[in-house]
Amino acid sequence: MPRRRRPRKIVEPPKFKGYAPYGCQDKDAGTVDLLYEEYEAIKLADYDGLSHHQACVLMGISRPTFARIYESARQKIALALVEVKTIKSVYGNVSMDENWFHCQVCFNHFTLPFPEKGRLCPLCRSEKLETIHSK
Amino acid sequence: MKTIITAQEASPESKLDSRFGRCAFFCLHDSTDGQITFIQNEFKDAQGGAGTKVVEKLLTMKVDRIISGDFGPKAKDILDKFKIQLVKIHDDQKTIKEIISTLK
């Protein structure tokens, strides 16, 4: 049995559901699933300009693990660009620091202080919620 | 239910202010009578701790829900403790009027 995966801490899930190429000949080249932790790794290392060591501390994982996630993120993005695939952001093996919920209809985030009163989006009343917390 | 929406100006046509502690105005919407009042944020240009000061002020008003673009970690910790619902709207082009109409 493999060792269990530690949850990777992320600050915020990506603000997009995916990226699709346009102006290409082949219609359906398939999709690539970019996990939340891979997006976070790219964000910390390349956007925020942190070293892998600083970034791995923030995500609560070891440096080699961070390097693996980062590497896989780059490979997936490169694969998507070269093979004209759609990038989809997928909930991976992550834990959020905060108890936010994500509405799949209006894409807004909110907290539910009284979960016993029902799990509805306060803005669009939809029930299609995604938890972005670990509990 | 009392809802606070952070606004850039004091009118229903105003856009949502994406900052919480340093927004220009608060729009208080009371769902029992549908009344809207605008309150100026005196902590807009505070030196520090604008979020916490605003939270203290809003707690005295007994609000149930706060809608903004984002919340700082300190403000969120306190508001969670007092069981106030937080809503983050990513689209900052939305007007106060549009947001209130979705609440009904």
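**Exercises on a predicted two-chain model**

Start with a fact to keep in your pocket: Lys62(B) is exposed, with 9 other C-beta atoms within 10 Å. Keep in mind that everything here comes from a predicted model.

**Exercise 1.** Work out where Lys62(B) sits and what its phi looks like.

*Solution.*
- Step 1: find the loop. Lys62(B) falls between helix H1 (50–60) and strand E4 (65–68) of chain B.
- Step 2: check the backbone. Its phi is positive, about 55 degrees, although Lys62(B) is not a glycine.
- Step 3: check the surroundings. A residue with 12 or fewer C-beta neighbours within 10 Å counts as exposed, and Lys62(B) has 9, so it is exposed.

**Exercise 2.** Now try Lys83(B): is it buried or exposed?

*Solution.*
- Step 1: place it. Lys83(B) is in the loop joining helix H2 (73–81) to strand E5 (85–88) of chain B.
- Step 2: read the phi. Here too the value is positive, near 55 degrees, and the residue is something other than glycine.
- Step 3: count neighbours. Lys83(B) has 11 C-beta neighbours inside 10 Å, so it goes down as exposed.

**Exercise 3.** Sketch the layout of chain B from the N terminus on.

*Solution.*
- Step 1: tally the elements. Chain B has three helices and five strands.
- Step 2: put them in order, which gives β-β-β-α-β-α-β-α.
- Step 3: add burial and contacts. Of the 104 residues in chain B, 34% are buried. Take the contacts between residues at least 6 apart in sequence: 48% of these join residues at least 24 apart.

**Exercise 4.** Over in chain A, find which side of H3(A) is buried and what it packs against.

*Solution.*
- Step 1: see how far to trust the helix. Chain A has a mean pLDDT of 82, with 90% of its residues at 70 or more. Among its elements, helix H3 (residues 63–82) has the highest mean, 94, while strand E5 (residues 94–96) has the lowest, 65.
- Step 2: check the span. H3(A) has 20 residues and reaches 28 Å from first C-alpha to last, close to the expected 28 Å.
- Step 3: list the buried residues: Phe66(A), Ile69(A), Tyr70(A), Ala73(A) and Ala80(A). They cover an arc of only 100 degrees around the axis, so they lie on the same side of H3(A). The background: an α-helix has 3.6 residues a turn, so residues three or four places apart point the same way.
- Step 4: flip the helix over. The face turned away from the buried side carries exposed residues, including Glu71(A) and Gln75(A).
- Step 5: name the partners. The buried residues of H3(A) pack against strand E3 (31–35), helix H1 (36–47), helix H2 (52–59) and strand E4 (86–90) of chain A.

Terms used:
Residues are numbered from 1 along each chain as its sequence is written. Chains are lettered from A and ligands numbered from 1 in the order in which they are written. This is a predicted model: local features need pLDDT of at least 70, side-chain atom pairs count only at pLDDT 80 or more; totals for chains, interfaces and linings use all residues. Helices (H or I, at least four residues) and strands (E, at least two) are DSSP runs, numbered from the N terminus. A residue is buried if 20 or more other C-beta atoms lie within 10 Å of its own, exposed if 12 or fewer, and partly exposed in between; C-beta atoms are placed from the backbone. Two residues are in contact if their C-beta atoms, placed from the backbone, lie within 7 Å. pLDDT is the predictor's confidence in each residue, from 0 to 100. The expected span of a helix is 1.5 Å times one less than its number of residues. The arc is that of the directions from the helix axis to the C-beta atoms.
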